[in-house]
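Morning, everyone. I'd like a few minutes on aromatic rings and what sits against them. Here is the protein.

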Amino acid sequence: MAFTIRFRVWDKQEKEFSQKGFSLTLDGKLLKFGQPISNEDNYIVNSFTGLRDKYDKELFEEDIIEHTVAKGGNLTQHTGIIRYNNEHGAFYIENGPPLLQLFSIRKVGNPYENPILYDLYLKSKS
C-alpha cells in the first residue's frame, strides 16, 4: 500500500501558502525544486491530516476548526486548533480529543491567513 505525505508551506515573506515545488528529505529538510533552501526559518510546514471538513475543505495541521461535541444528549459547538501528537501518532485538537473522534467539522481558518481570528481564539482560552 502506497502512502503519500502531503503538506503545505507558508512563505513568511510572500505571506502565502504553496504546495508546488516543495519536497522534504527523509531527515526533514525542506527543498524547493530539488534544491536546499537557504533560509528555512522563512517557511512553515503544515502536514495534511488526510481529512476534509463538512464543506470538503482539506484540513491541515494548525487549522482552526469548529466542531460539535455530544455529551449527555446535548450538542455543543467548540473551537480548536489541529495539532499533531507525536506520542500517539495522530492529529488532535489542542488540549482535546483526536481529530478522528469529531463530527460536523468546519474549517474556520489558520493563524497565517487569519491572524486576528487566531488571536481571538487564544484570548478565549485564557
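One definition before we start. A charge sits over a ring if NZ of Lys or CZ of Arg is within 6 Å of the ring centre and within 35 degrees of the ring normal. Keep in mind that this is a predicted model.

Now apply that. Arg8 lies over the face of Phe17, 4.1 Å from the ring centre. There is another case: Arg6 has its charged end over the ring of Phe48, at 4.4 Å from the centre.

Next, rings against rings. How many aromatic pairs does a search of the whole structure find? Six. Take Trp10 and Phe17. Their pair is edge-to-face, with 4.8 Å centre to centre and 65 degrees between the planes. Both residues, Trp10 and Phe17, are buried. Add Tyr112, and Trp10, Phe17 and Tyr112 make one aromatic cluster.

Then Phe48 and Phe60. The ring centres are 5.2 Å apart and the planes stand at 50 degrees, so this pair is tilted. Phe48 belongs to strand β6, residues 43–52, and Phe60 to strand β7, residues 58–60. The two are twelve residues apart, and the pair links distant parts of the chain. Buried or exposed, Phe48 and Phe60? Both are buried.

Now the whole protein. It has eleven strands and one helix. In sequence order, the helix comes after the strands. Of the 126 residues, 34% are buried. About 8,600 Å² is exposed, and carbon and sulfur atoms supply 50% of that. On charge, there are 16 positive and 17 negative side chains. The centres of those two sets lie 5 Å apart.

That's my tour. Thanks.

Key. Residues are numbered from 1 along each chain as its sequence is written. This is a predicted model: local features need pLDDT of at least 70, side-chain atom pairs count only at pLDDT 80 or more; totals for chains, interfaces and linings use all residues. Side-chain values use heavy atoms; hydrogens and water are left out. Rings of Phe, Tyr and Trp (its six-membered ring) pair if their centres lie within 6.5 Å; planes under 30 degrees apart count as stacked, over 60 as edge-to-face and the rest as tilted. Buried means under 20% relative accessible area, exposed over 50%, partly exposed in between (1.4 Å probe, protein chains only). Helices (H or I, at least four residues) and strands (E, at least two) are DSSP runs, numbered from the N terminus. Accessible areas come from the Shrake-Rupley method with a 1.4 Å probe; for residues, only the protein chains shown count as cover. Lys and Arg count as positive and Asp and Glu as negative; His and the chain ends are not counted. The place of a charge is taken as NZ of Lys, CZ of Arg, CG of Asp or CD of Glu.
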